[in-house]
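Me: Got a minute to go through a model with me? I'd like to start with the sheet and then look at the helices packed around it.

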Amino acid sequence: MKHADITDTQLEAIAIQHLWAGYDHEMVLEDINLSVKELDFIGLIGPNGGGKTTLFKVLLGLLPPMRGEVRIMGMNVIKGRRYIGYVPQTVEFDRDFPINVWDVVLLGRLGKRRLLQPYTAKDNKIVAEALRSVEMLHLGDRPISELSGGQKKRVYIARALATEPKILLLDEPMASLDPHAGSHIAEILRQLNERMTILMISHDISAIASCVKTVGCLNRQLFYHGEKQITPQMLELAYKCPVDLIAHGVPHRVFPNHAIEEERQ
């Protein structure tokens, strides 16, 4: 089931209409329609190669659509992307490069000042608040190479927050983390969602279920109801095969059955 056409742009953080996108004439996203309201927290799951990262590239202005329209905060992507903070799945730093937590987050302020302009007291205040939001201010002087995986992920979220975004894009934020670290980040994201819109992509259903408000499936096409439920039908349409949901004892949300499932039972 595809989302209906977008007609109401009031309070829309992201509006996507009939988006087709891909590389070298190979289509990856097919007729995507999505309305992301302010303070939404949407999780999109799907297989590798299903277009999740491609969707983020379009929203960040790194890949132009082949067809369709994308608007961010009511503006085109080139103007609207300044309201987006992006947290990639992996960030590579040379372990021997002497950069500490504070300086990593300070990099988020580069786009907010003129070339060669020194950092200001305002920049430092924003960095401190970003680190405080992810509970990492006390480790500001710690070399990034000495942090755990969960701590590094929180630093990268803080770097995105330093851009003062209204929208946060998260690419596999719980990947390679142990359950405790993942739960900690999920709680931080829930708190951040009180003041900003969040769109998260993952292939991990349990990671999505732990913190989002609504969920959808993306595999070239988008299957999204704007609700918390995710059904076997949606998963089969997205993954092109039957999918069993297995819980492993970590904190998670059990998605309720759809009416169609209840009728079958």
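Reply: Sure, here is a walk through the sheet, one of its strands and two helices.

Reply: One thing up front: this is a predicted model.

Me: Fine. What's the strand order in the open sheet of 6 strands?

Reply: The order reads S6-S7-S8-S3-S9-S10, and the pairing is mixed.

Me: Which strands stand at the edges?

Reply: Those are S6 (84–87) and S10 (221–224). Each has a single partner strand, so one side of each has no neighbour in the sheet.

Me: And how are neighbouring strands turned against each other?

Reply: By 20° on average, ignoring direction.

Me: Let's zoom in on S7. Do S7 and S8 pair in the parallel or antiparallel sense?

Reply: Parallel, over 5 bridges between S7 (residues 167–171) and S8 (residues 197–202). Leu168 stands opposite Ile198 of S8, and Ile167 has Thr197 as its bridge partner there.

Me: How many bridges join S6 to S7?

Reply: There are 4, and those two strands run parallel as well. In that pair, Tyr86 stands opposite Leu169 of S7.

Me: Is S7 mostly covered or exposed?

Reply: Mostly covered, with 5 of its 5 residues buried. That holds for both faces: Ile167, Leu169 and Asp171 are buried on one side, Leu168 and Leu170 on the other.

Me: OK, helices now. Which strands does H5 touch?

Reply: H5 packs on the sheet and touches S6 and S7. Its direction makes about 160° with that of S6.

Me: And where does H6 lie?

Reply: H6 lies across S3 (41–45), S7 and S8. It runs at about 150° to S8.

Me: So S7 shows up for both. How do the axes of H5 and H6 cross?

Reply: The axes of H5 (residues 149–161) and H6 (residues 179–192) come within 9 Å and cross at roughly 20°. That makes H5 roughly parallel to H6, since angles under 35 degrees count that way.

Me: Is the crossing left-handed or right-handed?

Reply: Right-handed.

Me: Which residues meet there?

Reply: H5 brings Gly150, Lys153, Arg154, Ile157 and Leu161. From H6 come Ala181, His184, Ile185, Ile188, Leu189 and Leu192. By class, this contact has 7 nonpolar, 2 polar and 2 charged residues.

Note on methods: Residues are numbered from 1 along each chain as its sequence is written. This is a predicted model: local features need pLDDT of at least 70, side-chain atom pairs count only at pLDDT 80 or more; totals for chains, interfaces and linings use all residues. Side-chain values use heavy atoms; hydrogens and water are left out. Axes are lines fitted to C-alpha atoms, for helices over the stretch in contact, and angles run from 0 to 180 degrees between N-to-C directions. Angles under 35 degrees count as roughly parallel, over 145 as roughly antiparallel, 65 to 115 as roughly perpendicular and the rest as oblique. A crossing is left-handed if the near helix is turned anticlockwise from the far one by less than a right angle, and right-handed if clockwise. Contact means heavy atoms within 4.5 Å. Ala, Val, Leu, Ile, Met, Phe, Trp, Tyr, Cys and Pro count as nonpolar, Asp, Glu, Lys and Arg as charged, and the others, Gly among them, as polar. Two strands pair if DSSP finds at least two bridges between them. Buried means under 20% relative accessible area, exposed over 50%, partly exposed in between (1.4 Å probe, protein chains only).
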